[in-house]
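Thanks for coming. I will go through a single structure today, one site at a time, and then turn to its empty spaces.

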Amino acid sequence: MRTAFTVNDMTIHRIVEQEHGFTPLFEFLPTLTKEQYEENRSWMEPAGCDPKTGNVVLCFQSYVVKTPHHTILIDSCIGNDKPRPNRPKWNMKTDDTYLRALGAAGFSVDDIDFVMCTHLHVDHVGWNTRLQNGRWVPTFPKARYVFARQEFDYWSEQNAKAEIPPFADSVLPVVEARRHELVGNDHQIGDHVRILPTPGHTPGHIAITMGRGKDDAVFSGDLMHSPLQTLYPELSIKFDVDPAAAAKTRRSFLERYCDTDTLCCTAHFPSPSVGKIRRKGSAFVCAAV
Ligand SMILES: [Zn+2]
């Protein structure tokens, strides 16, 4: 499994926590037709869909990017010791896979300068915090945690109505520790890191673009989950807050990077999860590099 990519003056590492069949494909993509799937079954199985169960295979991972100036972790995955009763593979888990993968890539938790979240869903904030003496503390003690203000405000409102566990145990403790920054979409870090607003999956969802003066790499978060969505950008998943906006965002994102040299680093595509966007008919593919 390829886990490191170099592009100009940056190195990108995948830190994989889990990769497995998640939930039935046709529930996950409710408007996917049998015909569309049959056309693509030969390459979707088994890497993108488990033929035994019919479950869509998703990878759950962070990216760590070393720029000439900073070490930046994007999306902090699932986490340990967190009560997630609806997801047995995530619930109260205690394995060392994630921190071992971080170490294997050459990083300790002290090396991370910034943590950035594309959005604040459960599988993108988990390792923001870890349990220490019964309290949630920032996992990366020296990092500034960068959250998009619009996304943070949305989940603050939701959490005020009824507690959202991943927000309460993986975002608010970072705020209480004063390690966070709430930023607008014009935020930059040095001359290498920028934000691309990509609403739909969640209202304040962002992609993160990196490279000196141009997008050598883009981290697309959850604006797409399965390579089927590059071929059929209109397919939204059942967890998209605004499916129509997500579909519009997806097509414009794919058009923006189509036939460029930008490395597209997806959150959930099956391994190797990274590729370049190429045109295919009236749609796109994410071609392995
Ligand atoms: Zn996700």
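Aspartate 110 sits in the loop that runs between helix H3 (97-104) and strand S6 (114-116). Please keep in mind that this is a predicted model. How accessible is aspartate 110? Its relative accessible area is 37%, so aspartate 110 is classed as partly exposed. Leaving aside residues up to four places away in sequence, aspartate 110 touches Pro141 and Lys142. For proline 141, the separation from aspartate 110 is 31 residues in sequence, while the C-alpha to C-alpha distance is 6.3 Å.

Next, the metal site. Which residues coordinate the zinc ion? The ligands are Asp123 through OD, His124 through NE2, Asp222 through OD and His268 through NE2, at 2.1 to 2.3 Å. Along the chain, the donors of the zinc ion are spaced as D-H-x97-D-x45-H. The two aspartates link distant parts of the chain, being 99 residues apart. Aspartate 123 belongs to helix H4 (residues 122-125), and aspartate 222 lies in the loop between strand S14 (217-221) and helix H8 (228-231).

Why is the arrangement around the zinc ion called irregular? The angles subtended by the 4 donor atoms run from 85 to 161 degrees, and the arrangement is irregular because of that spread. A tetrahedral label would require all angles to lie between 85 and 135 degrees. For reference, the ideal angle for four tetrahedral donors is 109.5 degrees.

Are the two aspartates at the zinc ion buried or exposed? Aspartate 123 has 9% relative accessibility, so it counts as buried. Aspartate 222 is buried as well, with a relative accessible area of 3%. The cut-off for buried is under 20%.

Now the pockets. What is the volume of the largest pocket? It comes to about 560 Å³. The lining of this pocket consists of 26 residues, and those closest to its centre are Arg87, Trp90, His121, Val122 and Phe239. Strand S4 (55-66), H4 and helix H6 (165-170) are the elements that each give two or more residues to that lining. H6 provides the largest share, 3 residues. Sorted by class, the lining of the largest pocket has 17 nonpolar, 5 polar and 4 charged residues. H4 therefore comes up in two places: it holds aspartate 123 of the zinc site, and it contributes to the lining of the largest pocket.

The second largest pocket has a volume of about 320 Å³. Its lining is made of 17 residues, with Trp43, Pro227, Phe269, Pro270 and Cys286 nearest the centre. At least two lining residues come from each of helix H2 (34-44), H8, strand S16 (274-280) and strand S17 (283-288). S17 gives the most, with 3 residues. By class, the lining of the second largest pocket has 12 nonpolar, 4 polar and 1 charged.

Last, the enclosed space. How many cavities of 30 Å³ or more does the structure hold? There are 3. The largest cavity contains about 40 Å³ of space. Its lining includes Gln61, Tyr63, Ile74 and Asp75, and also Phe219, Ser220 and Gly221. S4, S14 and strand S15 (263-266) each give two or more residues to the lining of this cavity. S14 gives the most, with 3 residues. The class breakdown for the largest cavity is 5 nonpolar, 4 polar and 1 charged.

That is the end of my part.

Methods. Residues numbered from 1 in each chain as written. Predicted model: local features only at pLDDT ≥ 70, side-chain atom pairs only at ≥ 80, totals over all residues. Heavy atoms only, no water. Donors = N, O, S within 2.8 Å, 3.2 Å for Na, K, Ca; no water. Tetrahedral: all angles 85-135°; square planar, octahedral: opposite > 155°, others 65-115°. Helix = DSSP H or I, 4+ residues; strand = E, 2+ residues; numbered from the N terminus. Buried < 20%, exposed > 50% of the residue type's maximum accessible area, 1.4 Å probe, protein only. Contact = heavy atoms within 4.5 Å. 1 Å grid on protein atoms, 1.4 Å probe; cavity = no way out; pocket = protein on both sides within 12 Å on 5 of 7 lines; lining within 4 Å. Points joined across faces, edges and corners; volume = space filled by probe spheres on them. Nonpolar A, V, L, I, M, F, W, Y, C, P; charged D, E, K, R; others polar.
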